[in-house]
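Let's take a walk through a protein together, starting with the whole and then moving in to single residues. Keep the 3D view open beside you as you read.

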Amino acid sequence: MQIYLVGGAVRDELLDLPVKDRDWVVVGARPQELLDLGYSQVGADFPVFLHPETKDEYALARTERKSGHGYTGFEVRFSPDVTLEDDLLRRDLTINAMAKDEHDRIVDPFGGLNDLRDKTLRHVSPAFREDPLRVLRVARFAARFEHLGFSVAEETMALMREMVDSGELAYLVPERVWQEMSRALLEPDPDVFIAVLRQCGALKVIFPELDALFGVPQPMRWHPEIDTGVHTLKALRIATELSDSLEVRFAVLCHDLGKGMTDPERWPSHHGHEGMGADLIKRLAPERRWPNKAAQLAEQVARYHTHCHGIRKLKASTIVKTLGQLGALRQRKPFEQFLLACEADARGRSGLERNAYPQADRFRECLDACESVKPADLMAQGFEGAQLGDALHRERINAVKKVIAQWSNSA
């Protein structure tokens with residue numbers, strides 16, 4: 001029995017990055033041998049074992065053979081005669097197909113060390129094409145390592161295009177697409193994930209509504225970058241600077257989806273894109289298996305981001321109504337996430353990336369004013385039931401009117 005550290009742990013050690021998880025491959029062993037050593041078995045498809053003390057995952061060396069469509073269509077074989085090289089051959093990228101033995105010697109049968117040096121994301125073998133999820137994984141690794149100078153090898157990009165053209169990505173289930181997308185959005189450069197998917201044609205398959213934004217013009221007066229897709233990626237980069245929240249980043253990614261639905265005859269105008277985009281997100285969320293929190297914030301940002309941008313032009317009653325629609329009077333955190341997404345949208349424009357966004361503080365002042373109106377005070381005045389609700393709404397509007405007056409006085 002021989003045990004090797006494999007995959008991401010080896011790669012990240014060589015890159016001097018923190019190692020989060022350590023995975024091990026066991027060569028020349030049978031399941032019972034590990035059970036006898038106190039390991040506990042998990043996993044239904046093939047034997048994976050948890051170390052009795054560290055709880056690290058130890059998998060028996062295995063091979064995989066394509067037997068159907070999608071990422072689940074594989075036959076797995078494990079036995080003592082499967083070699084380490086056999087096991088590494090089934091992996092996606094060369095930088096993920098290295099191992100380290102008990103003497104800290106690197107085992108590198110497919111050139112991973114060279115590709116680490118050259119900062120290249122390259123597939124291990126033609127078997128890469130057997131798993132369509134790998135297209136998304138490569139895009140995610142591109143987003144993770146962009147800041148280190150990594151890029152996708154030309155031959156790997158060509159293979160990814162072939163996989164897209166074959167129609168294999170259509171067999172990916174929504175849950176796995178969201179899993180990869182959500183992880184990619186939390187990487188240092190999530191816009192690169194979208195750019196790579198678009199480059200190989202995969203974005204049109206897994207998120208056609210987002211892909212449709214590229215090439216859609218906007219008024220140069222407000223958007224010097226003109227292209228809606230370009231603006232979306234610029235806004236996503238700003239969102240990455242502002243927040244590590246998945247919900248905020250996803251909301252920014254989706255905030256202008258309605259512009260892809262505008263009649264081209266009306267371009268570059270996109271009147272009503274807010275409601276169209278919000279309604280689209282509401283329809284897509286169950287189908288794409290987007291989590292409720294992410295989908296809800298995305299819908300709110302799509303519907304109300306222009307309210308935030310133009311808050312100084314809104315009536316007090318509209319501001320109070322919007323705060324109610326956003327649930328800001330119930331929970332502050334989602335409201336703050338909404339403001340961050342709106343700021344990312346405003347600053348995600350060519351030449352305006354470093355601009356201040358005072359609208360967020362204006363909206364906070366309005367919320368503070370509404371919260372200063374206490375139901376208990378109105379109840380002490382004799383209001384109750386429906387009358388209490390009406391009085392509460394009326395006094396909140398009056399409180400916001402005072403805030404608006406202060407803005408005018410300070411202008």
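The paragraphs below go from the overall build to the interior, then to charged pairs, and end at the surface.

Before anything else, keep in mind that this is a predicted model. The protein contains 19 helices and eleven strands. Its C-alpha trace spans about 80 × 50 × 40 Å along the principal axes. Of the 411 residues, 49% are buried. About 19700 Å² of the protein is exposed, and carbon and sulfur atoms supply 49% of that area. How does the chain meet itself? Among contacts between residues at least 6 apart in sequence, 65% join residues at least 24 apart.

Now let's look inside. The largest nonpolar core has 105 residues, and F207, F250 and F338 have the most contacts inside it. Try finding F338 in your viewer: leaving out residues up to four places away in sequence, F338 touches L297, Q300, V301, Y304, H305, C308, L326 and F363. Another core, of eleven residues, lies apart from the largest one, and V25, A61, L88 and A99 are among its members.

One helix is a good example of a buried element. Helix α12 covers residues 246-254, and eight of its nine residues are buried, so the helix is largely enclosed by the rest of the structure. The buried residues are L246, V248, R249, F250, A251, V252, L253 and C254. You have already met one of them: F250 is also among the residues with the most contacts inside the largest core.

Next come the charged residues. Side chains of opposite charge can pair when their charged atoms come close. This structure holds 30 salt bridges. Which residue does K100 pair with? The side chains of K100 and E13 meet in a salt bridge, with N and O 2.7 Å apart. K100 lies in strand β8 and E13 in helix α1 (residues 8-14), so this pair ties together parts that are 87 residues apart in sequence. Are the two partners buried or exposed? K100 counts as buried because its relative accessible area is 15%, which is under the 20% cut-off. E13, at 28% relative accessibility, counts as partly exposed. Beyond its near sequence neighbors, up to four places away, K100 touches Y4, L5, V10, E13, R105 and I106.

A second pair is R90 and D87, whose side chains meet in a salt bridge of 3.4 Å, N to O. Here R90 is buried, and so is D87.

A third pair is R332 and E371, with their closest N and O atoms 3.3 Å apart. This pair links distant parts of the chain: R332 sits in helix α16 (residues 332-347) and E371 in helix α17 (residues 359-371), 39 residues apart. Both count as partly exposed, R332 at 28% relative accessibility and E371 at 31%. The pair belongs to a wider arrangement, in which salt bridges that share partners join R332, E336, D361, R364, D368 and E371 into one network.

Finally, let's step out to the surface. L14, I106 and L113 form a nonpolar patch there, with about 210 Å² of accessible area together. L113 is found in helix α4 (residues 112-118), and L113 is partly exposed, with a relative accessible area of 36%. I106 may look familiar, since K100 touches I106 too.

How values were computed
Residues are numbered from 1 along each chain as its sequence is written. This is a predicted model: local features need pLDDT of at least 70, side-chain atom pairs count only at pLDDT 80 or more; totals for chains, interfaces and linings use all residues. Side-chain values use heavy atoms; hydrogens and water are left out. Patches are made of residues with over 30% relative accessible area and no salt bridge: like charges are joined within 9 Å, nonpolar side chains (Val, Leu, Ile, Met, Phe, Trp, Tyr) within 5 Å. Accessible areas come from the Shrake-Rupley method with a 1.4 Å probe; for residues, only the protein chains shown count as cover. A salt bridge is a side-chain nitrogen of Lys or Arg within 4 Å of a carboxyl oxygen of Asp or Glu. Helices (H or I, at least four residues) and strands (E, at least two) are DSSP runs, numbered from the N terminus. Buried means under 20% relative accessible area, exposed over 50%, partly exposed in between (1.4 Å probe, protein chains only). A nonpolar core is a set of buried Ala, Val, Leu, Ile, Met, Phe, Trp, Tyr and Cys residues joined through side-chain atoms within 4.5 Å. Contact means heavy atoms within 4.5 Å.
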